[in-house]
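Here are a few exercises to work through with the model open in your viewer. Try each task before you read its solution.

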Amino acid sequence: MASLVDDDPRIIEFDVRTDEMLVNMGPQHPSTHGVLRLVLRTDGEVVSEVEPHIGYLHRCAEKIGENLTHRQFIPYTDRMDYLAAMNMNLGWALAVEKLMKYQVSEKARHLRVLIAELNRIASHLVGMGAYGLDLGTFSPFLYAFREREKILDLFEEACGARLTYSYITVGGLTADLPPGWLRRCEAFLDQFEPIIQEYHALLTTNAIFVKRTANIGVMSRELAIEYGCSGPVLRGSGVDQDMRRDGEAIYTAMYEGYAFEVAVQKDGHYPRDHQYPAVPADAVLGDCWHRFFVRMLEVVQSMDLVRQAIDRYSACQGPLGEPLKLTEKMPAGDAYLETECPKGQMGFYIVSDGSAIPWRARARSSSFSNLAVAPELCRGCLIADVPAIVGSLDIVMGEIDR
Amino acid sequence: MRGPGFLEQLDEALPGAVVGRNLEALDPWVEVAPDRVADVCRWLATSSPVRFDSLQCITAVDWCEPDPKKAAKVSWQPHLELVYHLWSTAARVSLVVKAKLPRWKADVPGQLPEIPSVCGVWRGAAWHEREVYDLSGVWFTGHEDLRRILCPEDWEGYPLRKDYEMPLDYHGIRGK
């Protein structure tokens, strides 16, 4: 008779080999965040190899960029990371401004910070809610979208669109904020702040959530750096890097005077971690839980930055300034700029031959590099952990496929 | 990186590899001989005083003017330029490595130009090189799994080449 211990269904025998099977996950699988196809080589429940197949949303935006002027390309950047379109607009606009050595007005600078950080909150809310869905819990998704909806309402009021904004543009912003907007934004923040504790109760400290994410998909800092990972995926592995602080002068100048601490674990502590739930005993640095937690910290950090930006923006006198003309010529040369988008470092590379139309427009996607590491993380894990790992990378296919 | 001696050390370690430089540009760059790209990258990632431990992006720029009228006015010869954006997480600086390639190997249209793969230096380069191969048509020698990544496997041509023409038909789907 087999002993009780042997029959325990919680014990997984990783070393028993039977038949190999190829399992197709996607491209229309609900937990692949868009149209991503994963081919899993499995033996029972154990995955020996994962191969992502991408390109289902490929539109060759880079080729389109070679046929439009710099400002006309802005709406196409919206459709890259459509969950954080403001940040995409900002990345392209700053890259063009770097090449043209153009500086926006002080008022436009603070408005850009305000809008970009507000969009970061919205993006991380989707990341958090959808991650709950990946792991089989539906409620956090509804809670997250309830608040995200209010941010989208604010954006709609500012620029007329709810998802593809084209609000930040080369040389400034398309319009100033409508009257009373700042008051409504502050009211949202006041209402939103206490709700974050709800999210922590729903997911961060949820025993099932911790079981599903702690010590799963552990990524060493060396692996993250070698693959060019960025954003919360990189910081979740303990690498202290945030382009808002460490990036190029034109980008860091935007955040000059703003106080924020990079959400990364240093000496076993996250910044201001006494305010947050303790790190679970099972979690190790670089696992799914830490990547998720970094995002949650950044929601609070962004909220803080939005508040600072509101103060600075309202203190600014003078006009916002007009954006550049559609056909404003760029100097010949090239410029590459990476900005800290919610998903990671989004890079735009422009090569110009002296006209208003870029000779080459290149988008370096953060999710592209973040997804490339998935096969390494999934090797030897269980099938049920694959959505947990892929979900923790918080990818957006529109940005990967471009 | 902008400190003295950095490029001299590179020259000393790999004589003749660096063929051009501009450290005053918006993004400081060095141009290397195409067949030495992998050696230079390995040196930059492992032996350089500033370790460029992360590869951010590989871009291919096609310098080719398909319109003969405009082509008569340009100052450059048709070529492909590969641009590697490197980043050092410790020093928080970037460096651009450029290499010039012919548009076609031995000037035979359809024969892809070749350059050594840098997958051995950064594993993350594998997908970036697949993308450049897919869209710009560059063959990376030493890449273990070089196939199309964004376009379908049976796609013809390299869309980011300047003289690329959109196919009129793809499996019964109208192209234009």
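**Exercise 1. Sort the residues of the lining of the largest cavity by class: how many are nonpolar, polar and charged?**

Solution. Start with the rule: on a 1 Å grid over the protein atoms alone, a cavity is a set of points where a 1.4 Å probe fits but cannot get out, and lining residues have an atom within 4 Å of a point. In this predicted model, chain A contributes Met243(A), Glu248(A), Tyr336(A) and Glu338(A) to the lining of the largest cavity. From chain B come Asp27(B), Gln56(B), His85(B), Leu86(B), Trp87(B), Ser94(B), Leu95(B) and Val96(B).

Next, apply the classes: Ala, Val, Leu, Ile, Met, Phe, Trp, Tyr, Cys and Pro count as nonpolar, Asp, Glu, Lys and Arg as charged, and the others, Gly among them, as polar. The result is six nonpolar, three polar and three charged residues.

Now place them on the fold, with helices (H or I, at least four residues) and strands (E, at least two) taken as DSSP runs numbered from the N terminus. Strand 6 (333-341) of chain A, and strand 4 (79-88) and strand 5 (93-101) of chain B, each give at least two lining residues. The volume is about 120 Å³, counted as the space filled by probe spheres set on points joined across faces, edges and corners.

A note on conventions: residues are numbered from 1 along each chain as its sequence is written, and chains are lettered from A and ligands numbered from 1 in the order in which they are written. Local features need pLDDT of at least 70, side-chain atom pairs count only at pLDDT 80 or more, totals for chains, interfaces and linings use all residues, and side-chain values use heavy atoms, with hydrogens and water left out.

**Exercise 2. Which residues line the second largest cavity?**

Solution. The lining consists of Glu261(A), Ala263(A), Pro271(A), Arg272(A), Tyr276(A), Leu297(A), Val300(A) and Gln301(A). By class, five are nonpolar, one is polar and two are charged. This cavity holds about 90 Å³, and the structure has five cavities of 30 Å³ or more.

**Exercise 3. Describe the largest pocket and its lining.**

Solution. A pocket is an open set of grid points with protein on both sides within 12 Å along at least five of seven lines. The largest pocket has a volume of about 550 Å³. Of its 23 lining residues, Tyr227(A), Ala126(B), Trp127(B), Glu144(B) and Asp145(B) are the closest to the centre. Strand 3 (46-53) and helix 16 (374-378) of chain A, with helix 4 (125-136) of chain B, each give two or more residues. Strand 3 of chain A has the largest share, four residues. The lining divides into eight nonpolar, six polar and nine charged residues.

**Exercise 4. Where in chain A is confidence lowest, and where is it highest?**

Solution. Use pLDDT, the predictor's confidence in each residue, from 0 to 100. Helix 1 (residues 4-7) of chain A is lowest, with a mean of 57, and helix 7 (residues 181-192) of chain A is highest, at 93. Where pLDDT is low, the predicted coordinates should not be read in detail. Chain A averages 88, with 96% of residues at 70 or above; chain B averages 87, with 97% scoring at least 70. For the complex, the predictor gives an ipTM of 0.89 and a pTM of 0.89.
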